[in-house]
Amino acid sequence: MDTRVASATDLAARIQHAHGPELKSLLTDLTSPSDHRSGRRLHRLGPVPSMEDATIKLTLVAEAVELGWFAPGPAPSGTCVTLSLAAHHEETGLHAEIPADECEAWVRALVGHAWMRFVYRCECSAGPASASVDSYRLYLDSFHRPAGKPVEVPAEGCRPLDG
């Protein structure tokens, strides 16, 4: 395990210790079958203190959308989960840069080590807020298990993490 992954794993353990019940509830909500027809579900955790910088608050927003919404044509059944972590300074409320290792650690704490090989980092953001928001994608199959990105779903700017 390289030092970057080891660092994220150690930090993920601290996050899991501090926020385990909330993260478990969030993951359950994201991986449960949708019981309404819109196919889109939004969930939020935070703001919570950064584990690396006490002056920063983080908010995790998770959106689960049926794969058909992303594909230009027929798509397999399943769900795309987009996890976005936003940061702001606690006192001023202004956007803050998120430590890169901490972002990955929050994702790891949420989905667990075994699912990290199915997580994609999205690098398509631009503009002033992009330094304060990091996004990741996780694809779930029709049984709500993690899966690789379906070929029918375009995802420019998303790259697999080496978890």
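Start by selecting Tyr-139, which is buried, with a relative accessible area of 1%. The model on screen is a predicted one. Show the side chain of Tyr-139 together with that of Tyr-120: the two form an aromatic pair. A pair of aromatic rings is described by the distance of the centres and the angle of the planes. Here the centres are 5.6 Å apart and the planes stand at 75 degrees, which makes the pair edge-to-face. A search of the whole structure finds one aromatic pair. The pair links distant parts of the chain, since Tyr-120 belongs to strand 4 (residues 119–122) and Tyr-139 to strand 5, 19 residues apart. Is Tyr-120 buried or exposed? Tyr-120 has a relative accessibility of 13%, so it counts as buried, because the cut-off for buried is under 20%.

**The whole chain**

Now zoom out and colour by secondary structure. The protein chain has two helices and seven strands. Followed along the sequence, the pattern is α-β-β-β-α-β-β-β-β. The chain has 163 residues, of which 43% count as buried. Among contacts with a separation of 6 or more, 61% are between residues 24 or more positions apart.

**Helix 2**

Select residues 100–111, which make up helix 2. Helix 2 has twelve residues and spans 17 Å from its first C-alpha to its last, close to the 16 Å expected at 1.5 Å a residue. How many of the twelve residues of helix 2 are buried? Ten of them are, so helix 2 is largely enclosed by the rest of the structure. The buried residues include Glu-102, Glu-104 and Arg-108, as well as Trp-106 and Leu-110. Step on to Gly-112, which follows helix 2 and has a positive phi, near 90 degrees.

**His-19 and its contacts**

Select His-19, which is in helix 1. With a relative accessibility of 11%, His-19 counts as buried. Which residues does His-19 touch, not counting those up to four places away in sequence? They are Val-48 and Trp-106. Trp-106 has already appeared on this tour as one of the buried residues of helix 2.

**The cis peptide bond**

Next, select Gly-46 and Pro-47 and show the backbone between them. A cis peptide bond joins these two residues, with omega about 10 degrees. Pro-47 lies in strand 1 (residues 40–49).

**The cavity**

Rolling a probe the size of a water molecule over the atoms shows where empty space is left. The structure holds one cavity of 30 Å³ or more, and about 30 Å³ of space lies in the largest cavity. To find it, select the residues that line it: Leu-27, Leu-30, Thr-31, Val-81, Leu-83, Leu-110, Val-111, Leu-138 and Leu-140. Which elements each supply at least two residues of this lining? They are helix 1 (3–31), strand 3 (78–89), helix 2 (100–111) and strand 5 (133–141). The largest share, three residues, comes from helix 1. By class, the lining has eight nonpolar residues, one polar residue and no charged residues. Leu-110 and Val-111 belong to this lining, and both are also buried residues of helix 2.

**The loop between strand 5 and strand 6**

Select Phe-143, in the loop between strand 5 and strand 6 (146–147). Is Phe-143 buried or exposed? Phe-143 is exposed, with a relative accessible area of 59%. Add Thr-79 to the selection: Phe-143 and Thr-79 are 64 residues apart in sequence and 9.6 Å apart in space, C-alpha to C-alpha.

Now select His-144, which is also in the loop between strand 5 and strand 6. His-144 has a positive phi of about 65 degrees, although it is not a glycine. His-144 is partly exposed, with a relative accessible area of 22%.

**Ser-32**

The last stop is Ser-32, in the loop between helix 1 and strand 1. Ser-32 is partly exposed, with a relative accessible area of 25%. Leaving aside neighbours within four places in sequence, Ser-32 is in contact with Arg-41 and His-144. Add Arg-145 as well: its C-alpha atom is separated from that of Ser-32 by 10.0 Å, although the two residues are 113 residues apart along the chain.

Notes. Residues are numbered from 1 along each chain as its sequence is written. This is a predicted model: local features need pLDDT of at least 70, side-chain atom pairs count only at pLDDT 80 or more; totals for chains, interfaces and linings use all residues. Side-chain values use heavy atoms; hydrogens and water are left out. On a 1 Å grid over the protein atoms alone, a cavity is a set of points where a 1.4 Å probe fits but cannot get out, and a pocket is an open set with protein on both sides within 12 Å along at least five of seven lines; lining residues have an atom within 4 Å of a point. Grid points are joined across faces, edges and corners, and a volume is the space filled by probe spheres set on the points. Helices (H or I, at least four residues) and strands (E, at least two) are DSSP runs, numbered from the N terminus. Ala, Val, Leu, Ile, Met, Phe, Trp, Tyr, Cys and Pro count as nonpolar, Asp, Glu, Lys and Arg as charged, and the others, Gly among them, as polar. Buried means under 20% relative accessible area, exposed over 50%, partly exposed in between (1.4 Å probe, protein chains only). Rings of Phe, Tyr and Trp (its six-membered ring) pair if their centres lie within 6.5 Å; planes under 30 degrees apart count as stacked, over 60 as edge-to-face and the rest as tilted. Contact means heavy atoms within 4.5 Å. The expected span of a helix is 1.5 Å times one less than its number of residues.
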